[in-house]
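Trainee: Could you take a close look at one part of this structure with me? I would like to understand the place where the two domains meet, and what lies on either side.

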Amino acid sequence: MTAQTEQLPPAIAVQGLRRVYPVKPKPVTALDGIDLEVAPGEFFGLLGPNGAGKTTLIKILTTLLLPSEGKASIFGFDVATEAAKIRRIMNMVAGGEQSGYGILTVREQLWMFSQFYGLGSREGWRRVDELLDAVGLGDQRLQRVSTLSTGQRQKMNMARGLLNDPWILFLDEPTLGLDVSAARAVREMVLAWKGAVPGRTVLLTTHYMAEADELCERIAIVDHGKILAIGTPSELKRRVQRESVLRLEVNRLDGGPAVLARLPGVVSAALAADNVEAGTGAQRVAVNLVLRDDSALTGVMAALGAAGSRVLGLRTSEPTLEDVFVELVGRGFADEADAEAVDDAATETADHDAEHHPER
Amino acid sequence: MNAPAVVGHPAFDGNGFDPARAEGIGLADTRRHLWTAIRLGWQVESNWTDPLLFFIYTVAKPVASLLLLVFMVQIVGGTGASGEAVRTFVVLGSALWAMLIAGIAGPAWSVLDDRERYRMLKYLYVSPATFLLVLVGRGVSKLAVGAMGTVVALLFAVVVLGLRVDLAAVNWPMLVITLLLGLPPVLALGIGLAAVCLQTRQESWSYPEAFAGALFLVSGVVFPLSILPAPAQIVGLVNPVTWWVAGVRGAILPGGASSVGGAGSLWVTLTGTAIPDAVTTIVVLLLTGSVSTLSAIALFRVSERRARERGLLDRTTGS
């Protein structure tokens, strides 16, 4: 932090924040008493499965939604009563959506927003051209928005998000739906922008563990509207380091990882993220196991043998943020069906997921 | 997609953390936001498809509507002096309606388009531009496109249908005053409708035209209010669109038939005068327009607050 940013109030201050969606047959609590403080200059992550309340929190902080209870402020400005001030110093970019005025060119669309952000006409064109070069869309500047690929559209959205040189940038699943290389480009872009000026703050929501691990200086793990843990990635990982973390591969696993999770000495068992689509009926099933100590492995092997499962591989792993999440929540991101129900209900009034999870 | 060479790009150099930035720059901001919204609306309206389709919607549609009504009048009203008067009344009202419907439905369509189709409403909303101002700007641009339709329909009526407009006889001051006084309430009705559409779901797409269609009946556009039942005449008399149409019609065709007043009308019962004169028309337009405008702004404020409470600003309903 610089001397200038040290004098600033917290970039984000949230106290007792609750948000209830008044849907039928019963209201859905998306945020349930959140307390959070993010310092100027931090790259802060909200990590959690779909329906955890991440997007609801970002909507409140970006003044799109009012809280049901509690207080939230951005650089000291209250989200409920000083929205106009907040809007001048922040910006937001959401992923997984096809937003944009398709009939305008990339340059036209961004210029329009530069005017809404108070730049002069000429200054706006100059800023737009600079940013288009910076995000690698210089060659597409005169292309209609409707002709852009998903990755290009997200780069354009990133350029829009940086038009006003925000003090704080809210990124809501910015790499959702992007291919590996486009997602990497977006991450690099965000890191470069943030690194260029000390004090710039980023709040990122994601359910990609690796993304949070790579980008964030501090992370809050959220589920069912509550913050379960908060800390640096290494602090969070140390929570499970005292236990044995193993990756187990078997040819089949009838009953799924829950069968293992019930065994004595097993802290948690969850399908590994890299084989979630294979399911438990596949020929090779990988499970992340957290054991209280190595002695619990004997019971696991015995149970697998009794169930007719053949062990194809077993190795210890470094704990990941997913292990932390599994220990905190008792399930992995792959087993998030229950959590999604919360968001499904919430979408009756705030249909975020129609954009973010169109496959549902 | 290749990763761009972003590290160290000068575009990422910032302007620091000057607290004054959170305050904005007042009137200059407001002017810029309004102008940008008008420009955005114009771009979206005029550029959304190819020139042929733009021509069809802007020119052919109002002319077709005009012809439909003219033929109906021709069949029902026949020819002769009274038939000519009725035809003139209908042609002028119908031409003006192209502009009115654009202004009334425009802001509501902007809400629906931006939220459901372009998915940009949330980005506009969280920008420093005042949301109401953005919608007014979008409405102005729709009104401008509608005005083109009105002008084209009027030219068509003069050249093809033989509508007689004596430019020397036109009451120009009355025309200018009425036009200017009428535009805010027309846009205000649009803002009121936008406030409603902010709260509703899929079915909203039909609301703007449904509302405009209902308004068509009680605004004296193609027939005088006197033929309506008394309750509907009351709605017509407190409706600023009625007075706008009556004022513009009276200015272009001085001494012609008026949509307000006439034998057996509520206006005659209430005032004892046959038809309102120019000054009365302007005064009532000003009064009904002011009430409509203030009511629409209040309604919009309530709706915006409720939308923010209920999370409706970025809701998409898949329609």
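Mentor: Happy to; here is a walk through the contact between the domains and then the strands on each side. Keep in mind that this is a predicted model. The domain assignment splits chain A into domain 1, residues 3–231, and domain 2, residues 242–329. Taken over C-alpha atoms, their centres are 36 Å apart. Where they touch, domain 1 of chain A contributes 8 residues and domain 2 of chain A contributes 7 residues. On the domain 1 side, α8 (209–215), β9 (218–223) and β10 (226–231) of chain A are the elements that each give two or more residues. The largest share there, 3 residues, belongs to α8(A). By character, that side of domain 1 has 6 nonpolar residues, 2 charged ones and no polar ones.

Now for the strands beyond the contact, starting with β11 (residues 244–250) of chain A. It runs antiparallel to β14(A), and 5 bridges join the two. Within this pairing, L248(A) sits opposite L314(A) of β14(A). Strand β14 of chain A, residues 311–316, is hardly covered, with 0 buried residues among its 6.

Elsewhere in chain A, an open antiparallel sheet of 4 strands follows the order β2-β1-β4-β5. Its edges are β2 (28–38) and β5 (77–78) of chain A; each has a single partner strand, so one side of each lacks a neighbour in the sheet. At the β5 edge, 2 bridges tie β5(A) to the antiparallel strand β4 (residues 69–74) of chain A, and I74(A) has F77(A) in β5(A) as its bridge partner.

Note on methods
Residues are numbered from 1 along each chain as its sequence is written. Chains are lettered from A and ligands numbered from 1 in the order in which they are written. This is a predicted model: local features need pLDDT of at least 70, side-chain atom pairs count only at pLDDT 80 or more; totals for chains, interfaces and linings use all residues. Domain bounds come from an automatic or database domain assignment. Two residues are in contact if their C-beta atoms, placed from the backbone, lie within 7 Å. Ala, Val, Leu, Ile, Met, Phe, Trp, Tyr, Cys and Pro count as nonpolar, Asp, Glu, Lys and Arg as charged, and the others, Gly among them, as polar. A residue is buried if 20 or more other C-beta atoms lie within 10 Å of its own, exposed if 12 or fewer, and partly exposed in between; C-beta atoms are placed from the backbone. Two strands pair if DSSP finds at least two bridges between them.
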